[in-house]
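User: Please walk me through how the helices pack and how the chains meet in this model. Short reasoning, then the value or name, will do.

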Amino acid sequence: MVRTYLLLAWTWLRASAQYPVSFALMTLGSFTLTGLDVAGIWIIFEHTESLGGFGLFEVMFLYGTSGLSFALADMLFGNVERLSQHVRAGSFDTMLIRPTGAFIQMATDRFGVQRLGRIAQAALVLGISLPRLDPPWSRMWMVPLMVVCGLVIFTSIFALGGALQFLLTDAPEVANAFTYGGSTLTQYPLSIYGGELVKGVTFIVPLAFVNWQPALYVLDRQDPFGLPYWLRFVAPVAALLLAVAAALAWRAGIRRYRSTGS
Amino acid sequence: MIEVDRVGRSFTVGRGRARRTVHAVRDLSFTVGAGEFVGYLGPNGAGKSTTIKMLTGILAPTSGRVRVAGLDPTRRRTALARRIGVVFGQRTTLWWDLPLKDSFELIRHLYKVDRADFHRRLDELADLLDLGGFLHTPVRQLSLGQRMRGDVTAALLHEPAVLILDEPTIGLDVVSKVAMRAFLRRLNAEHGTTVLLTTHDLGDIEKLCRRVMLIDHGRLGFDGTVDDLRATAPGRESLEEVVAHLYTA
Ligand SMILES: Nc1ncnc2c1ncn2[C@@H]1O[C@H](COP(=O)(O)OP(=O)(O)OP(=O)(O)O)[C@@H](O)[C@H]1O
Ligand SMILES: [Mg+2]
């Protein structure tokens with residue numbers, strides 16, 4: 001599966017290498033554009049000492065981990081959101097007659113590395129914040145783990161959004177609200193939101209496990225909502241459950257696929 | 001090779017009050033044995049493409065049972081893909097932006113075709129279908145006839161036991177059509193590949209198919225040899241007239 005993914009992605013990369021200038025511009029563009037986010041955070045901290053009880057570098061840590069997970073998921077699997085386009089164009093039929101899962105074919109279709117700009121930017125922010133926060137080494141193992149869990153969670157949401165499009169033709173917007181909305185939401189400490197919302201993103205759409213709960217552990221902070229301590233360690237479980245739900249939904253979607261009349 | 005047993009497929013279309021059910025295929029049963037060459041005829045909207053989509057695993061049937069090369073297409077879709085070749089005349093299964101040769105290379109990897117087998121097979125197909133002139137051209141720049149030949153090649157690189165074609169001669173000029181037919185006949189005769197094709201061109205049927213199945217409103221209306229088909233409407237000159245008579249009957 002990994003080999004097939006790499007093969008397809010590489011093929012598309014080679015096909016797009018014909019336009020190196022546009023690639024360079026898009027990468028630079030996404031690096032700069034998302035850089036404005038960070039400028040926004042700095043401006044906030046010009047006027048205040050803390051955001052939801054968290055300092056500048058803590059907020060940058062949250063921003064960096066969420067951004068890294070999201071940008072990776074978006075680059076590797078974000079294309080599955082384009083399902084309804086493929087259905088309408090009939091190219092989804094073509095994917096179903098190949099001996100490879102449709103999900104991988106969707107994910108790699110027109111694979112591009114423009115989002116490397118976003119990934120680099122998020123990694124940079126994380127790289128700046130970590131040494132300043134200087135968390136104990138014994139807690140650092142959580143950092144790569146939380147990025148991977150975030151990647152799985154965002155990918156699952158992309159897949160759920162794709163699966164929804166088997167039923168509704170205009171589902172991309174609904175899915176967008178969860179993926180891009182989820183990415184924006186997790187860029188900031190959840191303590192700036194209301195308790196109801198935070199319960200929702202903890203127990204229903206597990207966005208709190210992208211970075212919030214694991215970050216409380218890394219930063220050794222009290223949970224402002226007083227949720228149990230063990231929640232800090234269940235990100236892998238939450239990610240796995242969501243991934244299983246997404247895989248089932250995707251399969252059910254393919255079963256209900258109607259193709260087009262011509 | 002192909003078993004279709006009391007298969008139905010319906011679609012719900014429209015919203016609210018205009019909601020209704022279209023029965024694209026109803027209670028369809030037939031079998032196709034290894035090495036057969038079968039033509040699948042029917043007027044527009046008869047259910048031909050829907051049948052083919054169920055045979056290839058694209059659509060799940062609403063009722064009944066389908067087996068192709070011994071597999072249930074819905075449950076074992078990706079395993080089945082290795083054993084069958086599929087061509088849609090109306091659209092390409094190739095990668096639009098890639099040169100033909102790169103598409104073939106990709107197919108070699110996806111279908112895990114041995115490199116030596118692949119080159120032998122590609123040389124043979126490129127020779128028979130005369131692909132030499134445009135192997136390195138991106139698919140989007142190919143003419144319809146060239147693209148169709150590319151698609152047929154792509155469907156056969158993994159040497160499938162069954163070839164399923166939905167309107168493979170649509171839009172081809174006379175020369176390309178004759179070449180495509182000669183190729184398909186040879187494939188069936190020499191490799192014993194089972195072929196099922198849909199077409200609106202009765203020339204394809206006369207030149208190629210020993211057996212014809214005719215579907216209308218989702219039901220099988222006729223299943224027999226071309227001569228049997230002629231005999232259903234004695235006194236009519238051409239096969240066109242015979243078939244037109246059956247469609248309107
Ligand atoms: N995805 C779909 N949604 C709704 N209706 C569909 C769908 N696919 C097919 N149909 C309907 O099912 C019927 C059969 O369509 P199908 O495409 O199988 O016909 P066909 O025999 O291939 O016709 P043609 O010769 O025009 O290609 C038509 O009435 C069509 O409108
Ligand atoms: Mg059709």
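**Helix packing and the chain contact**

User: Helix 3 of chain A and helix 8 of chain A are oblique to each other; at what angle do they pack?

Analyst: Oblique is what remains once angles under 35 degrees (roughly parallel), over 145 (roughly antiparallel) and 65 to 115 (roughly perpendicular) are set aside. Helices here are DSSP runs of H or I of at least four residues, numbered from the N terminus. Axes are lines fitted to C-alpha atoms over the stretch in contact, with angles from 0 to 180 degrees between N-to-C directions. In this predicted model, residues 56-77 and 142-164 of chain A form the two helices, whose axes lie 8 Å apart at an angle of about 45°.

User: What conventions apply to the model?

Analyst: Residues are numbered from 1 along each chain as its sequence is written, and chains are lettered from A and ligands numbered from 1 in the order written. Side-chain values use heavy atoms, without hydrogens and water, and, the model being predicted, local features need pLDDT of at least 70 and side-chain atom pairs pLDDT 80 or more, while totals for chains, interfaces and linings use all residues.

User: How many nonpolar residues are in the contact of helix 3 of chain A with helix 8 of chain A?

Analyst: Contact means heavy atoms within 4.5 Å. Among the residues making it are F61(A), L68(A) and F70(A) of helix 3 of chain A, and M146(A), L151(A) and F158(A) of helix 8 of chain A. Ala, Val, Leu, Ile, Met, Phe, Trp, Tyr, Cys and Pro count as nonpolar, Asp, Glu, Lys and Arg as charged, the others, Gly among them, as polar. The contact has 5 polar residues, 1 charged and, as asked, nonpolar 13.

User: How far apart are the axes of helix 2 of chain A and helix 7 of chain A?

Analyst: The contact residues of these two helices divide into 6 nonpolar, 6 polar and 1 charged. Helix 2 (residues 20-47) and helix 7 (residues 116-133) of chain A pack at about 40°, and their axes are apart by 7 Å.

User: Which chain B helix is roughly parallel to helix 5 of chain B?

Analyst: Helix 5 (residues 144-156) of chain B packs at about 10°, axes 12 Å apart, against residues 174-191 of chain B. M148(B), R149(B), V152(B) and L156(B) meet M180(B), F183(B) and L187(B) there. The roughly parallel partner is therefore helix 6 of chain B.

User: What area is buried between chain A and chain B?

Analyst: Buried area is the accessible area (1.4 Å probe) that two parts lose on being put together, summed over both. The contact takes 28 residues from chain A and 31 from chain B. Carbon and sulfur atoms give 55% of the area, which is about 2,600 Å².

User: Which chain B residue meets D93(A) in a salt bridge of 3.9 Å?

Analyst: A salt bridge is a side-chain nitrogen of Lys or Arg within 4 Å of a carboxyl oxygen of Asp or Glu. Between chain A and chain B there are 4 salt bridges, one of them R91(B) with D93(A) at 3.3 Å. At 3.9 Å, N to O, the partner of D93(A) is K53(B).
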